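The following paragraphs lead through a structure of two chains step by step, beginning with a sheet and ending with the contact between the chains. Please keep the sequence and the model in view while reading.

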Amino acid sequence: MSQQAIIIAAVAYLALLFAVAYLAEHSTGRFSRLTGSSLVYTLSLAVYCSSWTFNGGVGRASLSGLDFLPIYLGPTLAFLLGPVVIRKVLRVSQANRITSIADLIGARFNSGGLAALVTVIAVIGLVPYIALQLKSISIGFAALSSSSEAAHPMMQPLLADGALWAAIVLTVFAMLFGSRSIHPGEHHPGMMVAIALESILKFVCLTAIGLFVGYGLFHGFGDLFSQAMERPEISALFEYAPDRYGYNWIAMTLLAMVSVFCLPRQFQVMVVENVDERHLNRALWLFPLYLLAINLFVLPIAIGGRLLLPVDTDPDNLVLTLPLSTGQPFLALIAFLGGLSASASMVVVETTALSVMVCNDVVMPALLRVKALGLARKSDLTSLLLWVRRAVMIAVMALGYFYMRHDSAQFALVSIGLMSFVAVAQFAPAIVGGLFWRGATKAGAFAGISVGVLVWAYTLLFPSFDRSGALSINFVVDGPLGIALLKPYALFGLTGLDPVTHSTFWSLLANIGAFLGVSLAGRQTPIEQARATLFVDTENLDEVAQIWRRTARVPDLMSLVSRFLGREKAAAAFTGWAHARGLDPATAVQADAETVLFYERLLAGVIGAASARVLVSAIVEEEQLGVDEMMRILDETSRIIEANRQLEDKSRALEMATAELTEANAQLQVLDRMKDDFVATVNHELRTPLASIRAFSEILRDHTDMPDTERNEFLRIVVTESERLTRLINQLLDLSKIEASGAIPARSAVVDLAGVIRESTSAMYQVFATSEVELALRIEADPALVMGDHDRLVQVVINLLGNAAKFSPARAGLATLRLCRSGGNFEISVTDNGPGIRAADREIVFERFRQLGDTMSEKPQGAGLGLAISQRIVAQHGGRIWVEGARGGGAVFRVRLPAAPASSPAEKTLATAP
Amino acid sequence: MLRRTAKRDRLVGLFIAGAVLLNPPILNLVGGTLFGWPALYLYLFGVWAALIAATALIVERGGSGSAGRERTEDGDQP
């Protein structure tokens, strides 16, 4: 196949991609809806699979079996932690308009220097990775252009050098995709669609090759594997071996886990280009699924290559040489385009991300600081920004090309890629620590990243130069100056690991150690503390405005932002913001702290947080932060303590409520039991007279020949029992009437208590006579006027007298009724010489149906309602009834009622009273 | 809120299971062939696919399921 044809096919393919990107950004139809979908987001994440997957993975698999797989298992595991780690990175980055990984670290530790350091490391670390893509394209190009044995790319004249052409074409496309115009927030929707399309293509291409190998060259995969197992050098790769995979596998998994968000291009597609946090949910399983699917045929292709191709074939080129050597040049072209897709997407996104980092975190802050250039006063800086970025892209690409020229063919693709992985893994401790640990300090992050990168360079990067012949070979074999302990591949005598694992271990150990050690030993400034709180507690992101109380004039801010974003975009953004806050964009002149922050973030989305802060601080009036406000925001713990305290109060209140409820419940239980007693007693009290009435009535009916004396006796009993029944029913009715009427006396008139007592005693005379109890009457106040209901008061006195007659011993009984005046009250006391009432029972005798004594063994002498009724009547009259022990052993019931007012219209009422 | 935490915890549990199953020393227990295929190949892709399926189940069903439940709960309120 001629070189021209291949170049035309490749350029046409890339042009098609660009057309897709352009359409996605500019059309309004169905095409534009693609840009914000979770599927495009997931597929753009697959930029992770560069030509390294496409060619390097197969190469590694053909040499050593499945140990290429941790590179894809790592991201699967990392995405399982997505809801914890990645979501946090997303939220923090979106709230702060983070545009790159350098920006994130710089913003977290409030340090432009740190961002610049991260940027420099990223560029150094990723140059080999970009070189790898160029190398992969160039060897593919070479293999394809000479159908026979591929001439070595190094040997070709410069103009025929595929890598140079690839570098130039890819640079142009990177500039077209990534730096055509300035987008707020660094969103490149068109680029994302193109990357997604490339992801589909590389998957389709690799799958096509896989199916071709399986069914075109073999009779299915079972045939392929069974043939492979007959070859001892291949079957040895899959036999049971208890120590086949060790630290190397674990280290690769770890590296891949970390790289999936630390690689600048991954950060770009995963965080910066994310337009909707919910897309991550779908990507959590769809992205690992893509990785699985694209790797499904890697091993069969590799084994097929091992079986069919001569041993000296370049393993990294198997995907191309397999179809070529079996007479399928068209399939080989498809494979080449698949590899090109993988390389192109990686290079485009990586250089875009790197150019944004270098421009925003190194070049612009430096240029803005140089007063002589007068940049801060220039009216339109968008073109400057774009050209800085394009220059950075060219520079990065050139570095990659020269590294490839210098180092090419020295390492397998996978080894070069892993070198970059270890470099970017140095950012992970600062990011994870910075987002989850409030105590992380700027100095700690500085120390960790620097030390980690130095160890990486010493144990991995320099030896790679050395191997390629730039340094003396003794450095690696003997150690510097012959010191064996410092051998870069066996630092401090640590052997038995491959160089990547060795470097991963030492660099991350040094990194994490320095990061933790310096952070713990150091002290945070208040601003650092504020930043830490804001980044660790994602919920508080909106409060950042209140930390810096800055004000400025809107026109000033507007002209500043317009210079970088263009007037129209800036105006549109501000109008949207003003509407959201209910301001009128036309009249708003003074910008409050939040508006200033909005502008700063808008600007940060274009030129990075560090530069944005420098620029905005030049035109705002910054107020020193009040100590109290500072403390309020910083001292998050105090708020937690406060919340804690409130929680304690609440639980205490709850405990009290519970206690009250328990008490109420106990009361209810007592009442319930009393109700049961009540029903039982009423039942008993009503049934007993009824039963005897019925029994005697039946006798009278059935025995008509009964003697008259007997008949009279029976009739007398019936009458007595009926009376008892009537009495009981009356009492019950009384009680319910009194209880229903409550505390308000039924009838209020002036009543003479002396009269009441005389009336009652005459009514009770017969009772005392029958029970042979003597009643002594001592009226010491006559008249004793109170306000009340005459009949009710009579009832009370009769009740008390009835009790006295009932409980005094027959024949020797003596009851005393005394009425006297005590202060503003009149007091009636009824004393008997009966058994008395125990002190403990003196309260409960007034309850309904409370009968003292053992109710099981003794027949109750009454319904137990009398005292309850009396107590309620006395209470209605505003008086009090209680019981004491008498001197002789009996009981004294005392009733105290307030005397009627002397000058009341009592006399007149008395005249009309009955 | 509770739902989301449960979902997150399940994914963290899957992570732990995956980290154990897909790394040595468990990984080194697999070897030889199964139906003529390398057992290690089948094991790795099998566990991998199972992890992805479980993730999909947790993420997709958890999301819509809880929303639906919330709605019906609201509807039941008098």
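In what order do the strands of the open sheet of 5 strands in chain A stand? The order is β5-β7-β8-β10-β9, and the pairing is mixed. Two strands pair if DSSP finds at least two bridges between them; strands (E, at least two residues) and helices (H or I, at least four) are DSSP runs numbered from the N terminus. The model is a predicted one, in which local features need pLDDT of at least 70 and side-chain atom pairs count only at pLDDT 80 or more, while totals for chains, interfaces and linings use all residues. Residues are numbered from 1 along each chain as its sequence is written, and chains are lettered from A and ligands numbered from 1 in the order in which they are written.

β5 (773–779) and β9 of chain A each have a single partner strand and stand at the edges, so one side of each has no neighbour in the sheet. From one strand to the next, the twist averages 15 degrees. (Axes are lines fitted to C-alpha atoms, for helices over the stretch in contact, and angles run from 0 to 180 degrees between N-to-C directions.) At one edge, β5(A) runs parallel to β7 (residues 813–822) of chain A, to which 7 bridges join it. Here Glu774(A) stands opposite Leu814(A) in β7(A). Helix α34 (residues 753–770) of chain A packs on the sheet and touches β5, β7 and β8 (825–831) of chain A, its direction making about 170 degrees with that of β5(A).

At the other edge, β9 (residues 880–885) and β10 (residues 891–898) of chain A run antiparallel and are joined by 6 bridges. Trp882(A) has Arg894(A) in β10(A) as its bridge partner. The hairpin of these two strands has 5 residues between them, and Gly889(A) takes a positive phi near 110 degrees there.

The wider setting is chain A itself, with 37 helices and 10 strands. Of its 914 residues, 46% count as buried, a term for residues with 20 or more other C-beta atoms within 10 Å of their own (exposed: 12 or fewer; partly exposed: in between; C-beta atoms are placed from the backbone). A nonpolar core is a set of buried Ala, Val, Leu, Ile, Met, Phe, Trp, Tyr and Cys residues joined through C-beta atoms within 7 Å. The largest core has 228 residues, of which Ile105(A), Val118(A) and Leu603(A) touch the most other members. Helix α18 (residues 329–369) of chain A gives this core its largest share, 23 residues. A second, separate core of 41 residues includes Ile757(A), Val796(A), Val874(A) and Leu897(A).

One residue to examine is Phe535(A), which lies in helix α25 (residues 526–536) of chain A. Why does Phe535(A) count as buried? It does so because 27 other C-beta atoms lie within 10 Å. Leaving aside residues up to four places away in sequence, Phe535(A) touches Val92(A), Arg108(A), Gly434(A) and Leu435(A).

Finally, 30 residues of chain B are in contact (C-beta atoms, placed from the backbone, within 7 Å) with 33 residues of chain A. On the chain B side, α2(B) provides the largest share, 12 residues. That side divides into 20 nonpolar, 9 polar and 1 charged residues, where Ala, Val, Leu, Ile, Met, Phe, Trp, Tyr, Cys and Pro count as nonpolar, Asp, Glu, Lys and Arg as charged, and the others, Gly among them, as polar.

Technical notes:
Contact = placed C-beta atoms within 7 Å.
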